[in-house]
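Here's a quick walk through this fold, starting from a single residue and working outwards. Have a look at the model before reading on.

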Amino acid sequence: MVSKEQKRAALHEKLQNLRSITNSHALNKTSIIVDASKYIEKLKQKVERLNQEIASAETSSVHNPLPMVTVETLEKGFLINVFSAKGCSGLLVSILEAFEEMRLTVLEARVSCTDTFRFQAVGENEEQVETIDAHVVKQAVVQAIKNWSKSGDQEE
């Protein structure tokens, strides 16, 4: 049979894991749970927003053949997402060239080019002297997509 002390230790360990996962700085049980609840709510909102963006991209791709672009500012850099309901041969090269022109270093990237085109990257500005914002990054990626579209590299 498990003693009260063992149960208490197990609960304490689980609370510390929860505190760590949710980046909580709380010290007591109630505050840790409140922070975890807020963290879960933020995650739910983010999932809902991403689902809306995907649904919007899928419906707009019928009317607008160009991929959808979103850029979020992170603590250090940007999260760039590009989505198209169809494959986009050569688009990745155009986007990466735009990053190079902006002197944006890709720290992490995921790309899928099978039936659809999905690109997600975390990038940061190489030269901290010349800061750029999310709007500038988005405009550069959109321009790269337009240039790619005009060049005739895209799949039909």
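## Starting from V82

In this predicted model, V82 has plenty to talk about: skipping its neighbours within four places in sequence, its contacts are P67, M68, V69, L91, I95, F117, R118, F119, V141 and I145. V82 also belongs to the largest nonpolar core, which has 20 residues; along with I80, F99, V137 and V141, it touches the most other members. Who supplies that core? The elements giving at least two residues each are in the table, and α4 has the largest share, with 5 residues.

| Element | Residues |
|---|---|
| β1 | 68-74 |
| β2 | 77-84 |
| α3 | 91-102 |
| β4 | 117-125 |
| α4 | 134-151 |

Stepping back, the protein has 4 helices and 4 strands, laid out from the N terminus as α-α-β-β-α-β-β-α. The strands make an open, antiparallel sheet in the order β1-β2-β4-β3. Its edges are β1 and β3 (104-112), each pairing on one side only, and the twist from one strand to the next averages 15°. Between the antiparallel β3 and β4 there are 8 bridges, and V106 sits opposite G123 in β4.

Now for the helices on the sheet. α3 packs there, touching β2, β3 and β4, with its direction at about 10° to that of β4. α4 lies across β1, β2 and β3 and runs at about 155° to β1.

As for the overall numbers, 27% of the 156 residues count as buried. The protein exposes about 10,900 Å², with carbon and sulfur atoms supplying 53% of that. Among contacts with a separation of 6 or more, 51% link residues 24 or more positions apart.

Definitions and conventions: Residues are numbered from 1 along each chain as its sequence is written. This is a predicted model: local features need pLDDT of at least 70, side-chain atom pairs count only at pLDDT 80 or more; totals for chains, interfaces and linings use all residues. Side-chain values use heavy atoms; hydrogens and water are left out. A nonpolar core is a set of buried Ala, Val, Leu, Ile, Met, Phe, Trp, Tyr and Cys residues joined through side-chain atoms within 4.5 Å. Buried means under 20% relative accessible area, exposed over 50%, partly exposed in between (1.4 Å probe, protein chains only). Contact means heavy atoms within 4.5 Å. Accessible areas come from the Shrake-Rupley method with a 1.4 Å probe; for residues, only the protein chains shown count as cover. Two strands pair if DSSP finds at least two bridges between them. Axes are lines fitted to C-alpha atoms, for helices over the stretch in contact, and angles run from 0 to 180 degrees between N-to-C directions.
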